[in-house]
Amino acid sequence: MKTIYLVIPCYNEEAVLPETTKRLTELMSDLRQQGMITPQSRIVLVNDGSKDRTWEMIEEYYRTQPQFFEGICLSRNQGHQNALLAGMMTVKDRCDAVISLDADLQDDINAIREMIAKFEEGFDVVYGVRSARKTDSAFKRMTAQGFYKLMHLMGAEVVYNHADYRLMSRRALEGLAEYREVNLFLRGIVPMIGYPSTTVYYERAKRFAGESKYPLKKMLGFAMQGITSLSVKPIRMITSLGVTIFLVSMAMIIYCLIRHFTGYTVAGWTSTAISVWAIGGLQLFAVGVIGEYIGKIYLETKQRPKYFVQTYLSDRKDDNGDFTHR
């Protein structure tokens, strides 16, 4: 039997937590009875600076069911990726593997059984991958597929139709801890660890309560974060485009000189204006992309901490023999 921790980032999830905790406690009870996990396995709810009653509810779950729940409260909202990392890094030394999933349980929790089975077979990372996108709107499906294709085009190694539903062994978590970058994109970083991995497939359900925490604007920002955090291809593409335009410009200069010395003059300013605007726009776009990378370098050099754990609720003792609910 293995000790498995479920790590769930929570941001304003009071509408979904009652149903989520009910389903997960039933699952954990079944897994314990079947001998798939140890009684020390836990569900860890990470409060990411929620403004509603999320943390109060987590505290209540810990008080009433400490045999199932632990709670982590971050000092402020740090974003989904940092909250997920905070949970995994806090508990990695207490378990054999961690399974990360979202609080809305759109990801089928029955896939956890297969994840644990794959882990027992020797896989360090097990990716939960959607088998289809039937519950998505046409727009959501189109943008999601475009996102994965763009990431592959830009040279980022991501698993198609995989979000953050995955199992990671303690060894894989130790490897993840070696990555120090501030701009986290776990979907791209985890495949870079390189330990044996596999996938399990499931059908994604609709969100049963609450609102999505990833509107279109946030998804676009997430995509930009992923591309600029993992790939330098945009810079190389701009460099190639710049060289091409430079060669075309040289050819145009030669052409204009020949026209001038042979007595032909080009009348009108339209072509000149279009050229100036086109090159000016390209330059501004290039500066913007390069500026994005410079911004990343600026943040990385600061070496700012990615999160602070304000409170960790646990009935497990630490290395000094003290309880860790502080």
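How far apart should the ends of H1 be, at 1.5 Å a residue? H1 has 17 residues, so the expected span is 24 Å, and its end C-alpha atoms are indeed 24 Å apart, which agrees. Keep in mind as you look around that this is a predicted model.

Let's step back for the whole chain before we return to that helix. The protein chain has 326 residues, and 44% of them are buried. It contains 10 helices and eight strands. If you take the contacts with a separation of 6 or more, 82% of them are between residues 24 or more positions apart. On the outside, the chain exposes about 17,300 Å², with carbon and sulfur atoms supplying 58% of that area.

Now back to H1, which runs over residues 17–33. Which of its residues are buried? They are Leu17, Thr20, Thr21, Leu24, Thr25, Leu27, Met28 and Leu31. These residues cover an arc of only 165° around the axis, so they sit on the same side of H1. And what covers them? The cover includes strands E1 (4–10), E2 (42–47) and E3 (69–74), along with helices H2 and H4.

H1 also has charged residues that pair up. Arg23 makes a salt bridge with Glu19, and their closest N and O atoms are 2.9 Å apart. The two are four residues apart in H1, so about one helical turn separates them. Arg23 counts as partly exposed because its relative accessibility is 31%, and Glu19, at 28%, is partly exposed too.

Further along H1 you'll find Asp30, whose side chain meets that of Arg113 in a salt bridge, with 3.8 Å from N to O. This pair links distant parts of the chain: Asp30 belongs to H1, while Arg113 belongs to helix H4 (residues 111–120), 83 residues away. Asp30 has a relative accessible area of 31%, so it is partly exposed. Arg113, with 23% relative accessibility, is partly exposed as well.

How many salt bridges does the structure hold? There are eight. Another one joins Glu60 and Arg63, with the closest N and O atoms 2.9 Å apart. Both residues are in helix H2 (residues 54–64), three residues apart, which is about one turn of the helix. Glu60 is partly exposed at 36%, but Arg63 reaches 55% and therefore counts as exposed, since the cut-off for exposed is over 50%. Elsewhere, Lys92, Asp93 and Glu174 are linked in a network of salt bridges.

Next, try a residue in a strand. Arg166 lies in strand E6 (residues 162–169). Is Arg166 buried or exposed? Its relative accessibility is 1%, so it counts as buried; the limit for that is under 20%. Leaving out residues up to four places away in sequence, Arg166 touches Leu84, Val98, Ile99, Ser100, Met115, Val126, Tyr127, Gly128, Leu186, Arg187 and Val190. You can also compare positions along the chain with positions in space: Arg166 and Ala111 are 55 residues apart in sequence, and their C-alpha atoms are separated by 9.9 Å.

The backbone has a few spots worth a look too. Most residues other than glycine have a negative phi. Asn12 has a positive one, near 55°, and it is not a glycine. You'll find Asn12 in the loop between E1 and H1, where it is partly exposed at 25% relative accessibility. Leu105 has a positive phi as well, about 55°, again without being a glycine. Leu105 sits in the loop between strand E4 (97–100) and H4. At 6% relative accessibility, Leu105 is buried. Just after H1 comes Gly35, with a positive phi of about 75°.

Finally, head out to the surface. Which residues make a nonpolar surface patch of about 390 Å²? Val243, Phe246, Leu247 and Met250 do. Met250 is in helix H9 (residues 233–261), and its relative accessible area of 38% makes it partly exposed.

Key: Residues are numbered from 1 along each chain as its sequence is written. This is a predicted model: local features need pLDDT of at least 70, side-chain atom pairs count only at pLDDT 80 or more; totals for chains, interfaces and linings use all residues. Side-chain values use heavy atoms; hydrogens and water are left out. A salt bridge is a side-chain nitrogen of Lys or Arg within 4 Å of a carboxyl oxygen of Asp or Glu. Buried means under 20% relative accessible area, exposed over 50%, partly exposed in between (1.4 Å probe, protein chains only). Patches are made of residues with over 30% relative accessible area and no salt bridge: like charges are joined within 9 Å, nonpolar side chains (Val, Leu, Ile, Met, Phe, Trp, Tyr) within 5 Å. Accessible areas come from the Shrake-Rupley method with a 1.4 Å probe; for residues, only the protein chains shown count as cover. The expected span of a helix is 1.5 Å times one less than its number of residues. The arc is that of the directions from the helix axis to the C-beta atoms. Contact means heavy atoms within 4.5 Å.
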